[in-house]
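Visitor: I spend my days with force fields and coordinates, so skip the grand tour. Could you pick one part of this model, look at it closely, and then link it to the rest?

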Amino acid sequence: MHGRVKVRTTAEQEALKKKERAEKLSRYRIGMSIVFKKRKDKVYDDELMMVTERMVLQNPDIYTLWNIRREAFINNDWDEKLLEEFYQNELRLTENCLKQNPKSYWVWYQRIWITNHLAECNWKKELMLCTKCLNLDDRNFHCWNYREFVVQKAGISPEEEFEFATSKILNNFSNYSSWHYRSLLLSKMFHNSDQNDIDEKKKQELDLVMNATFTDPNDSSAWFYQRWLLNTHECLATLSQALIKSDNVILFANKNISTESIYLKVNNKNENVQWKSLQQTKISKLWFGKLKKQLNEINNVQIEIEGTFYPLVCINQKWIYKKRKYKFCSNKDQLLEQLSSYKQLIEMEPNNKWAYLTSILLMRKIDFIKFYENILTNLNVLVNIDSLRSNYYKDLRSKYIIEYKIYELWNIEEDQEIKTEIDLSGLNLTTLSNNEHFSFFEQINLSANYLSDSLHQLFILQSCTKLSLSSNQVENLKKFPTLQNLEVLLLRNNKLNNLEEILQLLTRHKLKLLDLRENPICNTKELQTGIAQISPDLQLYIE
Amino acid sequence: MEDYLPNEYDVVVVGTGMTESIVAAAASRIGKKVLHLDSDEYYGGLWATFNFDGLQKWIEDLKVSKTSTKDVSEVDLESEETFLKTSNEYSTVENIEETWYISNDADLPVVSSKDTQTDSTGDGSGSGDEKSDDDKVEKKENVKQWSIDRIRKEYRKFNIDLAPKLLFARGELVELLISSNIARYAEFRAVSRVATFMDGKLTQVPCSRADVFANKTVSVVEKRMLMQLLTSCMEQGADSPEFDGFRDKTFLEYLNTKNLTPIVQHYVVQAIAMATEKTSCRDGVNRTKHFLNSLGRYGNTPFLWPMYGSGELPQCFCRLCAVFGGVYCLKRQLDGVVIHKNKCKAIISGKQKISLEHLVLGQGHLPPEVVTSEGEQRISRGIFITDRSIMQGEKENLTLLYYPPEQPDQEPVTLIELGPSTNACPQGLFMVHMTCKRTTNAKEDLAYVVNKFLKAEPLDPLAIRSSIHSHTQTVSPDKRHIQEGDQDNRGESTEESPKPQVLWSLYLNLPASDIKLNESTPSNLHLCSGPDLELDFDFAVNQAKSIFESMYPDKDFLPRAPDPEEIVLEGEEAPGPKFEGDTEAEEKQDVEKAEKED
Amino acid sequence: MPVLKHDIELPASVPELLLEKHANFLLSYGTDKDEYMYCMTEHMRMSGMYWGLTALDLMGKLEQTNRNEVLEFIAQCQTESGGIAASLQHDPHILYTLSAVQILCIYNALDTIDIEKVVKYVKERQQPDGSFTGDIWGEIDMRFSFCAVATLSLLNRLDVIDVEKAVEFVMKCMNFDGGFGSKPGAESHAGMIYCSIGLLSITGNLHLVDADQLSWWLCERQLPSGGLNGRPEKLPDVCYSWWVLSALTILGRLHWVNKEQLVKFVLACQDTESGGFSDRPGDIADPFHTLFGLTALSLLNTDYPLKKINPTYCMPEYVIQRLHLKPARLDQSN
């Protein structure tokens, strides 16, 4: 049972308790049998109401009793006035139950049911009840949910509720529920606002939340809210990159889109493309298609996503589109100022992980490329000071490193070319982080990393022909996905020792070259013969 | 005719001041036979609270000497017994000066107060304007000029303390009230704000986390500084290595090494630690810790105010004493004590000689023979009825201000302002209590603070002030803004607001609380001091504890008293260890509540 | 100014896993039918039985349970509506319908009840907006969505409801922190996140969540004591070890929590005298926390002799495989 402290009791107390319990139990049994009998006989009388009332006060979670009471409200022969009286009584009853057990789902719902049945509900009173209840426990989500219900019924505007949310925060900012409620109201308010208003409001919120984080940097509530504020909230889907090579089309957008919103126009005509996503899902960021036209028939290509047209350019027998700019942020000055404040916070609280994490988020938003090194330094600190979550920070570091390396690649790329080769070796990567750009590369060097537990993520390497996973401490290949274009696979210096897995891998791929040097498996006698049976033409390196 | 009292007691307590009453309750609670006397007809002695009429009577009575006229010859002594006459000279109140600043005329023109808000810039949130029209209408009807007659007529609505004190929410007295289950006799109100004087104006001190969060006068980095300093004082305590280098240094010297901004330093020194330049580092840290420990238990400041005045509290202990069989007798004069072989053997009261094991005497009942020093910590007091708060705005119902001296020859003054819903005065009025260590006399000692914050000149009946009723607590805290508060709603300023007009004032000097007995005093004679200079009751509680311990070293000091319904009369089932479980549960609730509250 | 603290101190010594005691605790739970706690929890009996039986199965003790008695009881709890009640004479509810179906799957005895009627009952619970009510009285909650989808998928009858709408409703419950609440606008809660992620896992829609954002929130539930809480600034509780871990497992990010510390916390919540797990060290043990203590240990892949648990269904993996169900997980590529 939640939060009940086990106390050793004396024999005497035990006996007394036993007696009390036996009495309570027999009262419960007698009560239940009366109630069930009356229900069976459809007798919805005062006694039924009285007995059930007494019993739900004892234990409000006996849901069937509430059901029976509702049946009584529906099946009674009370006149309107009496019914209204019973409804009012039910409001009092639920309030009393909530006083004892403010976290009973059933009681809160009974109240909703009653208020929905009242001829005229005093929503103001209900709102007061919520306020009172939240003063007692401002984390009670049942009560917050009920408030949300009342607010909708009473037609209270998000702006009005925002005042309430502010008062709750002022009263106690270490209150995740209040911050959550705030985010909810703001999202509603943003719905009808223009971007300038939204930006302005967000600026204010960033300042407010900074006050909380400086007053008590160890309380996590405000930091979550801050992270939300620092997230970019993009509403419109935009094309990030697209490539048409021979008959293959790959594209990815900044957010999930469905095939219905993608049009491929070749020579100004919509092309009928069968789009496929990686997991056969209906919406995805990343889409693959087959083009039925020959490249030499094409004069121009455009991709249309949710009404916006993106022209592709032709280069080296490929049609490509790429968006190559980091986003502009509207409140750079404020963010820089906050960054410097958080630097001071780090000096004052050198073990506070949140200050480091927020600095990272700020730097990433202000200028990822410029602050790249600082971001990595902060992440290394976090791995140490928040060791419970060190793997999270390592994965986050991998994600940023990959993003940065891809950015570097863009700088080497000639004007409009898309590079098909990337070297990510020796970067201590622990994850591939699902970066859609990977689907465009044909030659990928992931050697000397820590990707042994991330093989399932290789699924995104849809164009890959040559892949190196050497020196990754790979122990098994169970989760190695099927990559249809893969020809060369380098697995040198790993810990592979299962022949079955390797043979299984070969049957799924048409490999030309496989490097297995420096793996325990190399000592297995059946290795070469086994492989030769499946892939006789394979170039195999084992020593 | 005096009541006849039984002749033998374990403990006789004379005087119903705070310490005396606690000792009486503690002794009675463990089954000792207690007689509790007071020569006055009211409880509390110098700790008493009076309504306006009662205060006037008290002032009158001071002019009449109550010293015993009994002579040794009248006392029936046995061999080797000596008689020491008691004296009230150690509870002498001096320099009483009562002044009216308003007229006696009850027929002054009625003023309508339309401008309830206009003269206050302090109420920065501006949301005060949202008061409903109903409110305003009612107010108009209510507005009537205050006159001497009217104040006298409404005398019952005043509760005036001779020695106003606050309770730290986790101070000795609160813990004692809870642990002894005496709290149920008393009612409290949380002090709504702690103020400080900074940069020429009064500001509310951010003392809770919520206050620090919402404060707009300090930067975020300063907020962290403040919170960090407070947390380190609270969590580490004065014995922490953090303060090793400052054992013989002042608190200020310690703070100077922390690179605090002046504003943060001000908050900590003047408002939270209530320290001066001379306060040692150790004291400063401990005072800060004390303050902070008490925060968040019952509200946004660490202090509680006893409803109906501090004088209520001794009575709570007397009630407990009586419940456990203590005998009470007011208006009963102690004439002297009988000493036998360096032991206090009995007291003489009227015609009776009452024998005892222990004698507990309030300082107004000491035989001069046992006193070696009259003490130095004498007290200057000022009591003022005013028409508005010294710092207008929200939360103005209960304000604490510590005001450090401006000149080397001045003493720091503690100011407590009692407003609406404290029951200290009728709606619309404020009562200001000032207390400091006496150097000359009360009026002179307090003059610099009175001049700073009050307008203590006779009110010209023609220049009628219009907003007597202006600022009652009508701004709900829910209406506070942090974002767009047009002005600084936390640091309320009084710059442009008129000072409160004093309607009535009373100055007085109370005797010293650090009176000392000489070494030959019988060991079963125990001295209870009068009110001390500190803000809280810790001194009295600790003194009572140590008296009790010296009387009954092996007994529990005020263990939890059962609730009335728990008391089982003889013959019924004995009250078993049942409550112990309850106490635990209560404590747990307490902790949970505290956790929730901040 | 109380220092905010939302964690506990672990006792100095942490016991080994006391499987024998836990088995005995569960087997004897409710054998004395007069036992007070047992009777006073009648209104959730069906779920109680599911907790106990699943835990016993994980420990390899299923054959020591009274299969026939349980099956008979479940059959009696199915009502005319098709829904299943918590206990005899109580009303049917989707919570207990799922519990009953789960038990029947574990016993491989689905024919005990009228499956078509269950399917009908669950189907009738779906609302136009895709959400599900718990019973005929109209309460709506994310838990009920999960119960409906899990029940139907266990019966291989997901086709009778509008899955797309059901998913749409789940996505309406997503919050600023990437988590999910019990209904649109409700605060994120690890239990509700389990329900949402479970539903998305069953219906193959995990790509709809920002796994990085949500998993970060989930791994932030781990406190210095090693235990997990269900919401920020709350105390740790063994049951969240399950709800948080199962969601993280489905999202392929189980390694974001510290396993050693968590195992230590879970083990510390054992009642070393009477067996069973409690929410926190020193509290009273019960079947609910006993199941979730064991499932957490099972998910953490420790070397304890426990059967593997399926993170989506909270049922032994072998049962899920026997039913040929393949709920999606992000750490599996296809």
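**A sheet up close, then its surroundings**

Guide: Let's start in chain B, whose secondary structure comes to 14 helices and 23 strands. Keep in mind that what you have on screen is a predicted model. Chain B has 598 residues, and buried ones make up 57% of them. If you take its contacts between residues at least 6 apart in sequence, 79% join residues at least 24 apart. Its accessible surface comes to about 25000 Å², with 47% of that belonging to carbon and sulfur atoms.

Now for the part I'd zoom in on. Chain B has an open sheet of 8 strands, and if you walk across it you meet β5, β21, β17, β20, β19, β18, β9 and β10 in that order, with mixed pairing. At the edges stand β5 (94-100) and β10 (201-204) of chain B; each has a single partner strand, so one side of each is left without a neighbour in the sheet. On average, neighbouring strands here are turned by 20° against each other, if you ignore direction.

Zoom in on the β10 edge. Strand β9 of chain B covers residues 193-198, and it pairs with β10(B) in the antiparallel sense over 4 bridges. One pair to click on is B:Phe197 with its bridge partner in β10(B), B:Leu202.

Two helices of chain B to look at next pack on this sheet. Helix α2 (residues 52-62) touches β5, β17 (379-386) and β21 (502-510) of chain B, and its direction makes about 40° with that of β21(B). Helix α9 (residues 262-272) touches β9, β10 and β18 (398-403) of chain B, with its direction at about 120° to that of β9(B). Put those contact lists beside the strand order and you'll see that both edge strands get a helix contact: β5(B) is touched by α2(B), and β10(B) by α9(B).

Some strand pairing in chain A makes a good companion piece. Chain A has 16 helices and 14 strands. Of its 543 residues, 55% count as buried. For contacts in chain A between residues at least 6 apart in sequence, the share joining residues at least 24 apart is 58%. A compact globule of 543 residues would have a radius of gyration near 24 Å, whereas chain A has 32 Å. Its C-alpha trace spans about 90 × 60 × 60 Å along the principal axes. Chain A is divided into domain 1 (24-121), domain 2 (239-321), domain 3 (332-401) and domain 4 (420-541). The C-alpha centres of domain 1 and domain 4 of chain A lie 65 Å apart.

Within chain A, go to strand β2 (residues 248-258), which is mostly covered, with 8 of its 11 residues buried. Strand β1 (residues 239-245) of chain A runs antiparallel to β2(A), and 6 bridges join them. A:Lys245 has A:Asn248 in β2(A) as its bridge partner. The hairpin of β1(A) and β2(A) has 2 residues between the strands, and there A:Ser246 takes a positive phi near 45°. Strand β2(A) also runs antiparallel to β5 (residues 283-290) of chain A, this time with 7 bridges. In that pairing, A:Ile250 stands opposite A:Phe288 in β5(A).

Two single residues round things off. A:Tyr44 is found in the loop between α1 (11-40) and α2 (46-58) of chain A. This tyrosine is buried, at 12% relative accessible area. Leaving aside neighbours within four places in sequence, A:Tyr44 is in contact with A:Arg39, A:Ile68, A:Glu71, A:Ala72, A:Asn75 and A:Trp78. From A:Tyr44 to A:Arg69 you step 25 residues along the sequence, but in space the two are 8.5 Å apart, C-alpha to C-alpha.

For the other residue, hop over to chain C, where C:Thr295 is found in helix α13 (residues 287-299). C:Thr295 is buried, with a relative accessible area of 0%. Not counting residues up to four places away in sequence, C:Thr295 touches C:Leu58, C:Trp242, C:Ile309 and C:Cys314.

Conventions: Residues are numbered from 1 along each chain as its sequence is written. Chains are lettered from A and ligands numbered from 1 in the order in which they are written. This is a predicted model: local features need pLDDT of at least 70, side-chain atom pairs count only at pLDDT 80 or more; totals for chains, interfaces and linings use all residues. Side-chain values use heavy atoms; hydrogens and water are left out. Buried means under 20% relative accessible area, exposed over 50%, partly exposed in between (1.4 Å probe, protein chains only). Contact means heavy atoms within 4.5 Å. Two strands pair if DSSP finds at least two bridges between them. Axes are lines fitted to C-alpha atoms, for helices over the stretch in contact, and angles run from 0 to 180 degrees between N-to-C directions. The radius of gyration is taken over C-alpha atoms; the globule rule is 2.2 Å times the number of residues to the power 0.38. Domain bounds come from an automatic or database domain assignment. Accessible areas come from the Shrake-Rupley method with a 1.4 Å probe; for residues, only the protein chains shown count as cover.
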